[in-house]
Amino acid sequence: MGQEQTHLAERLEAAGRRVAEHPVAPIFLERWSSRAFSGEPIPDAALFSLFEAARWAPSAYNSQPWRFVYAKRDTPAWPTLLSVLVPYNQAWADGAAALVFVVSKASFTPPGKSEPTVSRSASFDTGAAWASLAFQAHLDGWVAHGMGGFDDEAARKALNVPADHRIEAAVAIGRRGEKAVLPERYHAGETPNGRRPLRETVFEGAFPAS
Ligand SMILES: Cc1cc2nc3c(=O)[nH]c(=O)nc-3n(C[C@H](O)[C@H](O)[C@H](O)COP(=O)(O)O)c2cc1C
């Protein structure tokens, strides 16, 4: 970016607008993780469209290590899934239409082998599936907000997670709502955030020496 463009980008970002350094499809800038939900319930068909998008993610040997455990609001499983989130997340995620725990299976049996082996990429692959879910949610007019803030031990027990599986994250899904529905302390976060510049992330050939 030239200096003039950089200044413009800084001004737009200060006004809460996301600015790309290089051309990308609008969805990459438009998706963001709000915490305010409208209270609208999510129909099964809409929720399963999101799982369907995740289903088609790429994975090593097509091993598909992702697993999802979900509950919709006002169903018997909802209070259990909500209760294993940290209090900070419970306070806003309670307004979501669905909670999803994203789990990866650590072992798989490679093609032509009879014994399972530890997957090097189970978390990586499951991350791709979660991203697909989040982008499909955005395309369908839903927000999918990832959460690392949960009690792993309590979640493993409550969700009956098998031993060789790792809980990667939880996701709150719902229709975006007005920030007024949130306690005051969350209001400042109800705006799209920025990203560090690509030059700090991408290196040609090798990491820089210093
Ligand atoms: C794995 C993961 C864990 C996260 N944990 C939390 C969390 O516990 N609580 C929360 O409010 N947001 C959480 N977030 C949301 C991030 O803060 C958010 O994605 C990040 O600031 C980028 O903002 P954006 O998603 O709006 O682009 C998490 C996101 C991911 C992907």
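## Helix α3 and its packing

In this predicted model, the buried residues of helix α3 pack against four elements, namely the strands β1 (66-72), β2 (98-105) and β6 together with the helix α6 (122-139). The residues of α3 that count as buried are Ala46, Leu47, Leu50, Phe51, Ala53 and Ala54. When the helix is viewed down its axis, these buried residues fall within an arc of 155°, so they line one face of α3.

The length of α3 can be checked against what its residue count leads one to expect. The helix covers residues 44-55, which are 12 residues, and at 1.5 Å a residue they should span 16 Å; the C-alpha atoms at its two ends are indeed 16 Å apart, so the expected and modelled values agree.

## The loop between α3 and β1

Two residues in the loop that joins α3 to β1 deserve a careful look, tyrosine 61 and asparagine 62. Tyrosine 61 has a positive phi of about 55° although it is not a glycine, and asparagine 62, which is likewise a residue other than glycine, has a positive phi near 55°.

Exposed means over 50% relative accessible area. Tyrosine 61 therefore counts as exposed, since its relative accessibility is 58%, and asparagine 62 counts as exposed because its value is 51%.

## Surroundings of the ligand

The ligand is surrounded by 15 residues, and the closest of them are Arg18, Arg31, Ser33, Gly148 and Arg195. For serine 33, a polar side-chain atom lies 2.5 Å from an oxygen atom of the ligand.

Nitrogen atoms of the ligand also take part in such pairs: a polar side-chain atom of asparagine 89 lies 2.8 Å from a nitrogen atom of the ligand, while for glycine 146 a backbone N or O atom lies 2.9 Å from a nitrogen atom of the ligand.

## Domains and glycine 189

The domain assignment of the chain gives domain 1, with residues 1-30, and domain 2, with residues 33-190. The centres of these two domains, taken over C-alpha atoms, are separated by 29 Å.

Glycine 189 is found in the segment that follows strand β6 (165-174), and with a relative accessible area of 33% this residue is partly exposed. Leaving aside residues up to four places away in sequence, glycine 189 touches Trp32 and Arg35. Glycine 189 and lysine 179 are 10 residues apart in sequence, and their C-alpha atoms are 9.4 Å apart in space.

Conventions:
Residues are numbered from 1 along each chain as its sequence is written. This is a predicted model: local features need pLDDT of at least 70, side-chain atom pairs count only at pLDDT 80 or more; totals for chains, interfaces and linings use all residues. Side-chain values use heavy atoms; hydrogens and water are left out. Buried means under 20% relative accessible area, exposed over 50%, partly exposed in between (1.4 Å probe, protein chains only). Contact means heavy atoms within 4.5 Å. Domain bounds come from an automatic or database domain assignment. The expected span of a helix is 1.5 Å times one less than its number of residues. The arc is that of the directions from the helix axis to the C-beta atoms. A residue is near a molecule or strand if one of its heavy atoms lies within 4 Å of it. A polar contact is a pair of N or O atoms within 3.5 Å; within protein, one must be able to donate a hydrogen and the other to accept it, and residues adjacent in sequence count only if both atoms are side-chain atoms.
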